[in-house]
Amino acid sequence: MLDNFLTLILILAPLVVGFFLPLPKALMPYMDKLLGYLVFLILFCIGLSLANVPNLGHQLGFIVKNVALLATLTMGSGLLALWYFDKKYPYHTHATTPHPKAQISVVGTLVQLGCVVVGLVVGQFLPLEHSPIHVDMIIKGLLMLLILLVGFSLSHAGMSLRQVLINKRGVQMSVIFCVSVSIGGVLFSCLTADVGVMQGLALASGYGWYSLSGIIMTDAYGAVWGSVALLNDLLREFMALLCIPLLIGRYPSTAVGLGGVTTMDFTLPIIQASGGNEIVPLAMSFGFIVNIISPVLMVVFSSF
C-alpha cells in the first residue's frame with residue numbers, strides 16, 4: 001500500500017508543479033516537441049521491458065484476446081452511456097466536413113505502436129537481465145518528466161480550473177464516462193479468469209493514456225498485463241481518430257468522450273475540424289478532468 005501511495009505522489013507531484021509553476025509561453029513549442037519525443041522513447045523502453053517476459057511468444061495470443069475483450073467492453077460501455085446522454089440532452093454543434101487530418105493522424109498511432117515493436121525487437125538482442133541499468137527505473141524517470149510536461153501543457157491550455165469546472169456538460173460527461181467505463185472494467189473482470197474486480201477497474205482507467213497505463217499496470221500486474229493496458233489505450237486513440245468525424249455531427253458528447261484523455265491534445269484538432277470551434281471548450285473541460293482522474297484511479301485500484 002505504501003509503495004502505491006508513493007507512486008501516486010510521484011505521478012501527481014510533477015503534474016501539480018507543472019500546472020501551478022508554468023513555463024514562459026515562448027518555451028511551450030519546444031516543450032510540446034519534447035513531449036512528443038518523450039512519448040516515443042517511453043514506448044520504446046516499454047518494448048525493451050516486454051522483451052524480458054519469459055515465453056513471450058506463448059503470451060501473444062493471451063494479450064490479443066484480452067485487449068479485444070477489454071476494449072470492446074470499456075469503449076462500448078462508454079459509447080453507449082454517452083450516446084444515451086446525447087439522445088436525452090442534445091448538444092447542437094455546427095459540424096463541418098471531416099478534415100483530412102483525421103485520416104493522416106492515424107499514422108501517428110501506428111508509429112507509436114511501432115516504437116513498442118522496435119523496443120521489443122531490440123530487447124531480444126540485449127542482455128538486459130544482467131545490465132546494471134534497470135529499464136523499469138529509466139521508464140519511471142521518463143514518466144515523471146512526461147507528467148511534468150503534461151502539467152505545463154495543461155497550464156497553457158487556455159482554461160483555468162474554474163472554467164473547467166463551470167462547464168456543466170463537460171463535468172457531466174466526465175462523470176458519465178468514468179462510471180460507464182468502470183462498469184466495462186467490472187464486466188471484464190467477471191468474464192476473465194483470475195482477474196479481480198479491482199484489477200478490471202485499474203485496467204479500464206487508462207482512458208487512452210497508454211504511456212502511463214502501460215507503466216502503472218506493469219508495476220502492479222506484470223509486463224503482460226501492462227501490454228494489455230497499453231494496447232487497449234492505443235486502440236482507443238486509433239478508434240477515436242477514425243470515428244470522431246463520423247459521430248460528432250449527431251452525437252458530439254459521444255464523439256468527444258471516445259477520445260478520453262486525448263481530447264486535450266492528440267484528438268483535439270480532429271474534434272475542432274469536425275465539430276467546429278464551439279465544441280472545443282467542452283472537449284477541453286472533459287479532457288482536463290479525465291487527465292487528472294485517470295492516474296489517481298489507476299494507482300488506487302491497483303493498490304488492492
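The expected span of a helix is 1.5 Å times one less than its number of residues. In this predicted model, that yardstick can be tried on helix H14, which runs over residues 280–302. With 23 residues, H14 should span 33 Å, and its end C-alpha atoms turn out to be 33 Å apart, so expectation and model agree. H14 does have a bend, though: about 25° at Ile293, with a proline, Pro295, following within four residues. As for its surroundings, 18 of the 23 residues of H14 are buried, so the rest of the structure largely encloses this helix.

Part of what sits against H14 can be picked out from helix H8 (residues 168–191), where Ser174 is found. Ser174 is buried, since its relative accessible area is 2%, under the 20% cut-off. Sequence neighbours within four places aside, Ser174 is in contact with Phe286, Ile289 and Val290.

Things look rather different at the start of the chain. Leu21 lies in the loop between helix H1 (2–20) and helix H2 (28–50). With a relative accessible area of 59%, Leu21 counts as exposed, because the cut-off for that label is over 50%. Leu21 also belongs to a nonpolar patch on the surface, formed with Val16, Val17 and Phe20, and together these residues have about 390 Å² of accessible area.

Another spot to look at is Thr218, in helix H10 (residues 210–221). Thr218 and Asp136 are 82 residues apart in sequence, yet their C-alpha atoms are 9.3 Å apart in space. Not counting residues up to four places away in sequence, Thr218 touches Ser213, Ala223 and Gly226.

Note on methods. Residues numbered from 1 in each chain as written. Predicted model: local features only at pLDDT ≥ 70, side-chain atom pairs only at ≥ 80, totals over all residues. Heavy atoms only, no water. Helix = DSSP H or I, 4+ residues; strand = E, 2+ residues; numbered from the N terminus. Bend = angle between axes of the 7 residues up to and from the residue. Buried < 20%, exposed > 50% of the residue type's maximum accessible area, 1.4 Å probe, protein only. Patch = residues over 30% accessible without salt bridge, like charges linked within 9 Å, V, L, I, M, F, W, Y side chains within 5 Å. Areas by Shrake-Rupley, 256 points an atom, 1.4 Å probe, with all protein chains shown as cover. Salt bridge = Lys/Arg side-chain N within 4 Å of Asp/Glu carboxyl O. Contact = heavy atoms within 4.5 Å.
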